[in-house]
Amino acid sequence: MLDESRTNSTIIAAYRQRTATSEALASRARQVLPSGIVHDSRQLNPYPVYVNRAEGAHKWDVDGNEYVDYYGGHGALLLGHNDPRVVEAVHRQLNLGTHYAACHELELRWAELVQQLVPCAERVRFTSSGTEANLMALRLARAYTGKSVLVRFKGHFHGWQDHVAFGCDDHFDGSPTPGVLPGIAENVLIAPPNDLMATLALLASRDDIAAVILEPTGASFGWSPMSRDFLAALREATAERGIVLIFDEVVTGFRVSPGGAQAHYGITPDLTSLAKILAGGLPGGAVVGRKDILDLLDFEQAQQSGREKIQHQGTFNANPVSAAAGIACLEIIADGEACAIATAQAQHLQSILNRVFADEGVPWAAFGEHSAVYFFTNPSGVDIDPMGFDASSLAPEVLRTGGKHPGAGKFRLALMLNGVDISGRPGGSTSCKHSDEDLEHTAQAVRKAVVMLKEEGELHYA
Ligand SMILES: Cc1ncc(COP(=O)(O)O)c(C=O)c1O
């Protein structure tokens, strides 16, 4: 793969030339880190760049190249990089200690803020990540209902733990990925997203379902959008049957609105998992929800109800530094302005990018709800008009193929050559720090990248 990429692509050659220090680091990294990376989504051919500085909506690599950043800390940075108020709170806390192994007032303030903002959050339990929050949400639901089966939706991502490690990018038949026990997979059913009839029929077909979990705006922050009507019907059906409804708001929490997707849609789940923005750009997560369910984590309540308490430890739960960052962040976003700006900028970016695609005669489109921006790179050549693109008119399998276009990897590299960093879907999200100038720069970068792809023969539509 790496040697192949040394061949005749001018995009790859230019990328190598511009990022020589990153290439040297990547080659060192492959001697110690599997694939040279620490998160699967950082896999990039011929190698990813190494970043050593960030500010607002921008970041710089080790060769001094500047990028408008749409990776946004995997969605965690609604306030952009290094918001001064968050940085100040972190510095203050660093001077006071990073770990007390004791209760501290920050965890209380942090939980109170979550409780005020998120409708379902009668109680809050902090974890260290979104993966852990979902793991605890599932355990709570199973313990509360005394049932075993989890219903989840094809393509929805809930972290990398065993109960949800299949059915997102592959293993759609529900078979376990390597290392996951068949017994775990047998207790997880994968439902078709947005197919209300099939989902309701599944819920009605058995009485051993403990929980339904989903990303409330659809898989991968609306990469495959999900309708409010579907959510409402699901809420009704799960309530009728005593099934615990879990919204995975690890991305949508505090981004769709200060109260997450549940506040935006006015649909309250039983449990919610949070992370990313919750901790203001530092590690942290939480499972929040109905008191009677989280009471299973409460020593006294569990005893009073005659139920066995669920154990929960975690060295870094509500770590003071994460708590300080989280409080500063949530206090800023509470009025909704940051969400509104990020959403407006994402929607504006989509429209100027679609103008670029139309001008260039390329049947690609930018789409996404709220502050998401995705590129539909149309590998199968569906007849679309970028200016009138309606994502809901395409099946999720078609819409999600952005990364499968043979030129998608080079598109990303070409964007980097022109000072823009996006994720491999391809896509990303905006922060409230993305300025109109950043968006204009991005549109120019996309135009140049499209021209470069055409010159390499990667866009056969034109
Ligand atoms: C919807 C969703 N759930 C859960 C997770 C896992 O969170 P974490 O990476 O904090 O473990 C992610 C991470 O991207 C996510 O997008």
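**Reading the ligand shell, domains and helix packing**

Q: Which residues surround the ligand most closely?

A: A residue counts as near a molecule if its C-beta atom, placed from the backbone, lies within 6 Å of it. Here 14 residues surround the ligand, and the closest are Ser 129, Gly 130, Thr 131, Gly 159 and Val 250. This is a predicted model, in which local features need pLDDT of at least 70 and side-chain atom pairs count only at pLDDT 80 or more, while totals for chains, interfaces and linings use all residues. Residues are numbered from 1 along each chain as its sequence is written.

Q: Which helix gives the largest share of the shell around the ligand, and how do the residues of the shell divide?
A: Helices (H or I, at least four residues) and strands (E, at least two) are DSSP runs, numbered from the N terminus. Helix α5 (residues 130-145) gives the largest share, 3 residues. For classes, Ala, Val, Leu, Ile, Met, Phe, Trp, Tyr, Cys and Pro count as nonpolar, Asp, Glu, Lys and Arg as charged, and the others, Gly among them, as polar. The shell has 4 nonpolar, 8 polar and 2 charged residues.

Q: Into which domains is the protein divided?
A: Domain bounds come from an automatic or database domain assignment. Domain 1 covers 4-80 + 337-455 and domain 2 covers 84-333. Two residues are in contact if their C-beta atoms, placed from the backbone, lie within 7 Å. The contact between the domains takes 23 residues from domain 1 and 21 residues from domain 2. On the side of domain 1 that touches domain 2, α14 (337-360), β13 (372-376), α15 (396-399) and β15 (427-429) each supply at least two residues. That side has 11 nonpolar, 9 polar and 3 charged residues.

Q: At what angle do α1 and α16 pack?
A: Axes are lines fitted to C-alpha atoms, for helices over the stretch in contact, and angles run from 0 to 180 degrees between N-to-C directions. Angles under 35 degrees count as roughly parallel, over 145 as roughly antiparallel, 65 to 115 as roughly perpendicular and the rest as oblique. Helix α1 (residues 10-18) packs against helix α16 (residues 408-417) at about 45 degrees, with axes 9 Å apart. The two helices are therefore oblique to each other. Their contact residues comprise 8 nonpolar, no polar and 2 charged.

Q: How is α14 oriented relative to α17?
A: The angle between α14 and helix α17 (residues 436-455) is about 30 degrees, and their axes are 9 Å apart. α14 is therefore roughly parallel to α17. Their contact includes Leu 349 and Ile 352 of α14 and Val 446 and Val 450 of α17.
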